[in-house]
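Okay, thanks for squeezing me in. Let me put the model up, and then we'll walk through it from the whole chain down to a few strands.

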Amino acid sequence: MSETSAIAFGEKLLALLGTGSFTTSYKYALLLAMLDAVVEETHPDGTPPEHLSGRDLGRRVFALYWRQARPYTERGPLRQSRQRDLVVKIAELRERLGVSAHEPLDVVRRKRPADIVQLEQEVVATVMRYPIVLLQRFGTGSSAIDDRFIYDVTWDDGVSPAQVQRAGFDDRLRLVDGAASHLAALNGLIRPVIEREWLLHVARRNEGDVDELRLEAFLFGSERSSLAALRQPLLEMQQGRCFYCRGERGPWEVDHFLPWARWPDDRLDNLVLADRRCNNDKRAALPALTHLERWWQRTLPDTDGDRNLALVAERLQWPRRPERTAAGARGLYRYQPPGTMLWAGTGRVEAFDPRQLEGVFVGLRLAAEPRPGYGES
Ligand SMILES: [Zn+2]
């Protein structure tokens with residue numbers, strides 16, 4: 001990747017955020033979903049994906065809003081558009097199903113699959129029809145320009161929900177050469193900018209009700225309170241020691257091994273127990289390769305780590321998708337440029353050497369899961 005073209009790509013993305021005819025927050029949701037998907041869909045040898053599934057992006061968008069549709073004040077969820085929007089529909093569905101606003105989507109899906117799928121399909125159809133088709137439009141009205149610098153698709157904004165759901169429908173976004181690697185490489189820089197724009201969008205529609213720091217944590221933070229349930233089981237798995245420094249003293253905190261700010265993944269395989277000192281020092285940095293190696297071993301199929309995680313997931317009904325989390329890890333590390341400072345321990349960093357990655361990523365179970373999207377009914 002040439003530096004100039006990455007910068008030019010980044011500039012266009014920034015321009016997208018400030019333009020277009022969007023009156024809803026779908027644009028931001030789609031961009032975040034694309035960042036996640038590109039990292040996760042990176043091939044095992046490190047080559048970027050050639051296409052993304054529109055249906056998969058739609059499902060990711062649904063998952064993003066699922067969290068945001070929690071009540072913000074006693075008056076309920078925050079408004080994200082002028083119409084009766086997705087956030088309202090999710091809140092209504094939860095009420096009808098009698099599930100708490102803090103239950104993760106994966107958990108509710110297991111209990112009431114048909115109800116979830118129905119709303120999800122509606123969202124997928126909307127995402128395919130509007131944000132995916134209109135995202136790369138600069139300006140508004142008759143002077144708008146379509147510049148498909150990220151992807152191209154075969155459908156337009158006339159596509160119907162029935163067409164989108166048809167088994168043979170080609171839902172692929174064909175990524176323009178270089179776009180996937182630009183997105184993945186710029187992930188750490190672009191993500192906070194998109195989140196900021198989304199936050200301002202919501203703040204403007206809920207004047208008087210919002211405090212920015214609280215709003216940021218509400219929209220994009222992880223659900224810290226529910227993570228507490230994992231402290232004891234993880235402590236047992238780690239024989240009473242901090243995952244990073246092996247200290248035995250605590251106080252204990254559940255840590256996202258792959259930092260939440262780069263890859264928002266609350267599923268069990270991404271969670272480790274750390275003492276507060278390590279957790280506070282690590283923050284949004286990627287852990288050094290020695291940590292990565294131990295963590296990676298834990299998610300390999302048919303190991304003690306894997307069996308223990310499976311038991312915890314079963315007992316606490318905590319979502320687990322080891323192959324997805326592993327793919328995310330691979331994608332995140334694959335795109336780090338040499339020399340990136342990885343977090344090694346309190347006050348210690350280590351310059352990243354990509355050649356050392358090869359020995360780490362072995363035994364992955366990616367083959368166990370079909371890739372989502374294309375041709376799927
Ligand atoms: Zn520690």
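So, how many helices and strands does the chain have? It has 16 helices and nine strands, where helices (H or I, at least four residues) and strands (E, at least two) are DSSP runs, numbered from the N terminus. The radius of gyration is 21 Å, close to the 21 Å from the globule rule for 377 residues, so the chain is as compact as a globular protein of that length. That radius is taken over C-alpha atoms, and the rule is 2.2 Å times the number of residues to the power 0.38.

Before I go on, some housekeeping. This is a predicted model: local features need pLDDT of at least 70, side-chain atom pairs count only at pLDDT 80 or more, and totals for chains, interfaces and linings use all residues. Residues are numbered from 1 along each chain as its sequence is written.

Okay, domains. The assignment gives domain 1 (3-220) and domain 2 (224-368); bounds like these come from an automatic or database domain assignment. Their centres, taken over C-alpha atoms, are 26 Å apart. Where they touch, domain 1 puts in 14 residues and domain 2 puts in 16, with contact meaning C-beta atoms, placed from the backbone, within 7 Å. On the domain 1 side, α2 (26-40), α5 (105-111) and α9 (179-205) are the elements giving two or more residues. The largest share, five residues, comes from α9.

Now have a look at β7, residues 271-275. Is this strand mostly covered or mostly open? Mostly covered: five of its five residues are buried, that is, 20 or more other C-beta atoms, placed from the backbone, lie within 10 Å of a residue's own (12 or fewer is exposed, in between is partly exposed). In a regular strand the side chains alternate between the two faces of the sheet. Here Leu271, Leu273 and Asp275 are buried on one side, and Val272 and Ala274 are buried on the other. Its antiparallel partner is β6 (residues 252-256), joined to β7 by five bridges; DSSP has to find at least two bridges for strands to pair. In that pairing, His256 stands opposite Leu271.

Last stop, the hairpin. Strands β8 (residues 341-345) and β9 (residues 348-351) run antiparallel, with four bridges between them. Trp343 sits opposite Val349 in β9. There are two residues between the strands, and Gly347 takes a positive phi near 75 degrees.

That's my tour, so shout if you want anything back on screen.

Technical notes. Two residues are in contact if their C-beta atoms, placed from the backbone, lie within 7 Å.
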